[in-house]
Amino acid sequence: MEHRQPTAESIVRAANQGEYAVPEFQRGFVRTVAQVRDLADSLTRSYPVGSILTWKSDTAIQRGDSGQPRQKSWIIDGQQRTTALCTLFDRRPEWWDNNRSGTWADHMSAYDIRLDIGVAELTFATRKSPSQRYVPVREILASEDLYAFAENLVEGGHAFTDSVGTLARHLQEVTRIKQAILPTVEIDDTIELTEVAEIFKRLNSTGTRVQQADIYLGVVASRNPGWVNQNFIKFIDDLDDQGFEIEPAFLFRSFTGIGVGKSRFRDIEQSFWENLGDNSAWNTTQKALQSVCQGLRQYGIINSDLALSSNAIVAAAVYRAQFPQGPFSPFLSWMLNAVKEGFFGGPTETKLDRIIAAVQNANSKDEALHSLDTLLNNPPKFTPEEFIETGSGRNSVQRLMIYLLAFKNDAQDWNTDGYRIRAEAVGSYEPEWHHIFPRKWLRDNVSGIDRKLIDSVANMAVISGAANRKIAAKAPKCYIAELNLAARGLLDQQAIPDPTFVEPEQYQEWLRARAERLAEASNEYLDSLRREA
């Protein structure tokens with residue numbers, strides 16, 4: 001690992017001459033004109049503007065214009081900053097993609113940062129003006145004779161001074177940009193691939209953290225030009241359009257788990273990443289994940305937020321790749337139990353490898369599910385205590401079960417006729433979580449009540465925002481009668497014991513009864529999923 005202190009001018013020269021490159025999947029330039037202006041201002045004031053992190057590795061080879069492999073230093077973090085520097089100098093970085101980012105000329109027209117010479121204080125402007133008062137920074141940096149340059153500006157009559165020497169010294173302050181130092185750290189092949197991501201992550205303490213998957217994407221992109229954008233990223237976007245946001249790391253784990261039975265990138269033979277355009281495992285991975293999304297939607301889990309665990313989706317993809325036929329429900333039952341038990345919490349690669357082995361070594365779905373059960377010491381049952389002790393604000397499997405039961409029972413909204421409980425918004429309908437015994441009512445009527453009991457998940461129901469606002473802080477016996485909930489069977493649809501005649505001092509007894517009903521209904525639900533043929 002090499003630490004260097006290059007100047008901004010040398011960094012721009014390296015980018016322009018092709019010594020630097022960026023992986024093809026990285027986003028285009030997204031900094032605003034104001035941000036580029038502020039960069040110029042910071043550099044002239046010798047303010048720190050961050051570091052640049054690069055990786056020079058035989059694993060990451062870019063092909064040059066001749067089509068021959070060419071080793072470059074990849075800018076893993078600092079692409080936006082480097083491109084902004086190139087903009088100030090008007091030196092097009094070699095990686096600039098005219099198709100994706102527009103022409104460099106158009107870019108410079110939009111990001112034409114100028115110095116206001118009409119004021120004595122060093123002031124940069126972002127607006128365009130035909131007036132000679134606003135001088136392009138690129139022209140100042142490119143000038144070899146600032147005195148002659150200043151002389152022409154003074155003759156134009158727009159400078160804050162009539163003294164050519166004073167204005168020349170003013171312009172000289174702008175050229176500090178050239179010699180500004182940007183710390184650069186370069187990683188090479190003396191460090192293992194898996195450590196590279198961790199080093200970048202720790203060094204880059206500001207801005208967007210570099211993830212291990214970013215490094216892996218770079219390796220794959222270098223060996224398969226065009227594949228990452230046209231296949232990998234495109235599939236991520238397709239899943240996102242369907243409501244399932246899968247991060248690259250988890251798609252990688254699905255792909256390698258299905259392809260070679262391993263979830264760790266470092267365990268994969270390099271040959272696996274060659275010729276991915278013809279890789280049958282990739283096609284299988286896409287089909288499996290599409291099937292998982294379809295299976296989850298069938299039972300009401302219509303987006304990744306409800307799934308609770310991305311690693312659970314990886315496990316589901318491996319299962320579906322191995323057993324593409326038949327209902328998805330038996331695995332969903334196991335998955336919910338695994339999430340409940342915290343199986344996917346903490347470091348999960350070892351656990352995923354065990355799941356992959358259990359599934360891929362099985363001769364049938366039943367055998368696979370039996371092996372998966374042993375990883376959990378057999379599926380445990382929900383207990384009432386879990387619904388009482390789990391807070392309503394947590395994105396918990398207990399809260400998810402309330403929604404899944406409502407979905408299964410085709411539960412109707414409490415206020416909007418004709419609407420069923422669904423996670424998605426439909427027209428003006430959008431479901432929310434509601435305290436059956438409202439918080440304010442409990443605080444006002446139950447002396448010294450523990451806040452945890454108020455916000456217990458067992459005190460929650462899924463209703464529309466309109467119903468939630470209509471109920472507000474009313475006593476249950478009031479709004480239940482007003483909305484006719486008990487007679488319409490809407491309480492039973494969400495396993496809610498009728499609270500109409502519950503006195504304030506009986507709240508904890510009611511909460512226990514609700515928790516018992518939820519635990520019983522949840523266990524029955526998971527058992528029914530497992531029995532589906």
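A polar contact here is a pair of N or O atoms within 3.5 Å, where, within protein, one must be able to donate a hydrogen and the other to accept it. I start there since my first residue depends on it. Keep in mind that this is a predicted model.

The residue is Asp116, in strand β5, which covers residues 114-116. Its side chain makes a polar contact with the side chain of Arg133, at 2.7 Å. A polar atom of that same Asp116 side chain also lies 2.9 Å from the backbone nitrogen of Gly118. Is Asp116 buried or exposed? Its relative accessible area is 7%, and buried means under 20%, so Asp116 is buried. Leaving out residues up to four places away in sequence, Asp116 touches Thr123, Arg133, Tyr134 and His170. Arg133 is thus on that list of neighbours and is also the partner in the polar contact.

Next, helix α25, residues 476-483. Which residues of α25 are buried? They are Pro476, Tyr479, Ile480 and Leu483. Viewed down the helix axis, these buried residues fall within an arc of 100°, so they line one face of α25. The general background is that an α-helix has 3.6 residues a turn, so residues three or four places apart point the same way. On the other side of α25, Lys477 and Ala481 are exposed.

What do the buried residues of α25 pack against? There are three elements to look at: strand β9 at 431-435, helix α22 at 439-445 and helix α24 at 465-471. After α25 comes Asn484, which has a positive phi, near 60°.

Cys478 also falls within the residue range of α25, and that brings me to the cysteines. Cys478 has a relative accessibility of 40%; buried ends at 20% and exposed begins over 50%, so Cys478 counts as partly exposed. Cys293, by contrast, is buried, with a relative accessible area of 2%. How many disulfides does a search of the whole structure find? The count is zero.

Last, a loop position. Gly393 sits in the loop between α20, residues 384-389, and α21, residues 397-408. With a relative accessible area of 70%, over the 50% cut-off, Gly393 is exposed. Its C-alpha atom is separated by 7.5 Å from the C-alpha atom of Asp455, although the two residues are 62 residues apart along the chain.

To recap the two ends of the talk: Asp116 is buried in relative accessible area terms, whereas Gly393 is exposed.

How values were computed
Residues numbered from 1 in each chain as written. Predicted model: local features only at pLDDT ≥ 70, side-chain atom pairs only at ≥ 80, totals over all residues. Heavy atoms only, no water. Helix = DSSP H or I, 4+ residues; strand = E, 2+ residues; numbered from the N terminus. Buried < 20%, exposed > 50% of the residue type's maximum accessible area, 1.4 Å probe, protein only. Contact = heavy atoms within 4.5 Å. Arc of directions from axis to C-beta. Disulfide = S-S within 2.5 Å.
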